[in-house]
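Here's a quick tour of a sheet and two pockets. Have the viewer open while you read.

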Amino acid sequence: MKLATLADSLQQIVDGATAGSLETDVLDFKRDPHTVTGPGAPGNPQARLVEELVDAVVCFANARGGRIVLGVDDRLPGPDAFLGTKVDPAFLRSKVYNNTRPQLTVPIDEVEFAGTRLLVITVPEGLDLVTDTKGKALGRNGTSCAPLSEDARRALAHERRNPDLTARPSDRSWRDVSAAAMRQAREFLKRMTDLRHQMADLDDLTLLRALNVVDRDDRLLIAGETLFCDPEQDALDLLTRSAAGAEPSVRRLREPLVLLLPRALEATRGSIDPEVAHIGLSGGQEVALPDFSPIAVDEAVTNALVHRDYSRPERVVIDHSPTALRVWSPGGLPFGVTEDRLLSTVSTPRNPTLMSAMQQLGLAERASRGIDRMFREQVRVGQQVPGIRADEYSLEVYFSSGAPNRAFAGYIATLPTSLRENVDAMLSLVHLCQRSTLTLIDATRLLQVTAPEARDRLDGLASGPSALLDRDGDARRGERWRLRPNVARALGTAVQHRARASSARPRVEAHLREYGWITNKTIRNMFDLDVQQANQVLNELRAANVLVKDPDGPNRGPAIRWLPAKAKKDR
């Protein structure tokens, strides 16, 4: 509420209204206890004043802020209501600061009205749950204040620590929207096949209301400003490099988001080579493989522009070279989301109001569906899963490109849609192409879920007519899963550990002929492998009937010896 509007309310009191009848959810009138005389006068008016003002400040701070006018009796009509106050503003500021948690600094203006001195205390909306020094939290409900329940306190604390900035009123008017941006929005709506296409015929203000980007008083929200107003500074940097590390050419964009996002997606798609390799399927069909999955990159760019932290001034940056593509955005991961749970955490958009409006326009329906989509789509075209780096201030998604794994992509193309779109299946297959088994411990890390959930998911992939895995081991020996033999054969050269075992076979057989036995340590030294990789080679050679465990030696541990398979037969 502006001071000019407050002056209108004060004049209404002079004209005969009571201050109490003019109070709202953002305006309160209070009498200074020092002016109370007679039987009802407080014994310590200064302490009473501090207590009442701290309560009122906490109450407004836990709502959307407001103003407190000190020096007006809220029950008396006319000029008699203006009793004034002599209290020092600096004293009140100090008392409010010292008696609130977190400590609040409130502006206090001195106002002369109807021949009296008044104080106008402006209370900002709190950035967190606000209490007094005893932990009491009040909330405003209409024109009254009441203690917040424990559930309400927790909900408000969570909301304040993770505020939707785009739901707040903008400093700009809805009349400041770009005509080009509104035309683009109507073009999007006209393409809709549901009732949303009717919104294209609405006038500007009615359309903004339908998209919920203005408030009840038709004030433009930050979501509306972001979508439809020309920004005051550049919003996106497009960097293109001829090679990794080369000097980039830079293109900067400054447009409303409804224009910026399609332009950014178009520019990024244009930098992707859609046919770096081809795979042939049964029936003569040929499928082209790109250097980066367009779907995964669309997801990353959309997330960067929709879920960025709009309270920060930095630009989104898209940095592309032939072998790498980075998408950087200001703001870390949303509250409650960690890097080791990106695939399993329920989607928590940073800017729900902006996201909702974009969904209405159809801009976020085919993208912004989750990190798992980026992982799945990169794997499906034979590329590596993207890397994600996050800190308190920024989030970066990193795609690397190399020669696509054609054998892997070709096999994935033959799977039923339900499996091709299953991120668990894709990640499990990638792992089992590199290692012979997937343990339960590794599965919890890979799928980013708890052990019981990982077990259930992998058992699901090991059952049914399209099963991909076989379960091996038990709770005592350790649960693990392997590729089904028919799946391993269909994947062919994509199963790298089989190729490694095949190439190792001649040297291992030569060693066995000379020494008669071999160990994990010998394999590690021969091929520069780690323990697990050496075990994979040994397991593959055992499956190929090249060697067997020494039945007279240890059955577990590093001292296991392996004998030629023929030697066992000769015994």
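## Largest pocket

For sorting the residues here, Ala, Val, Leu, Ile, Met, Phe, Trp, Tyr, Cys and Pro count as nonpolar, Asp, Glu, Lys and Arg as charged, and the others, Gly among them, as polar. By that split, the lining of the largest pocket holds 13 nonpolar, seven polar and 15 charged residues. Bear in mind that this is a predicted model.

The largest pocket encloses about 1,300 Å³ of space. It has 35 lining residues, and V26, R64, P169, D215 and R219 sit closest to the centre. Strand 2, strand 5 and helix 5 (150–161) each put at least two residues into this lining, with helix 5 giving the largest share, three residues.

## The sheet

Strand 2 and strand 5 also belong to an open, mixed sheet of four strands, ordered 1-2-5-4. Strand 1 (27–30) and strand 4 (108–113) are the edges: each has a single partner strand, so one side of each has no neighbour in the sheet. From one strand to the next, the twist averages 25 degrees.

Strand 1 runs parallel to strand 2 (residues 66–70), paired over four bridges; D28 has I68 of strand 2 as its bridge partner. Helix 3 (residues 45–61) packs on the sheet, touching strands 1, 2 and 5 (116–123), and its direction makes about 160 degrees with that of strand 2.

## Second largest pocket

Next comes a pocket of about 930 Å³. Its lining has 28 residues, with R480, N535, N539, K549 and I560 nearest the centre. Helix 21 (531–543) is among the contributors and supplies the largest share, seven residues. By class, this lining has five nonpolar, eleven polar and twelve charged residues.

Note on methods
Residues numbered from 1 in each chain as written. Predicted model: local features only at pLDDT ≥ 70, side-chain atom pairs only at ≥ 80, totals over all residues. Heavy atoms only, no water. Pairing = 2+ DSSP bridges. Axes fitted to C-alpha atoms, helices over the stretch in contact; angles between N-to-C directions. Contact = heavy atoms within 4.5 Å. 1 Å grid on protein atoms, 1.4 Å probe; cavity = no way out; pocket = protein on both sides within 12 Å on 5 of 7 lines; lining within 4 Å. Points joined across faces, edges and corners; volume = space filled by probe spheres on them.
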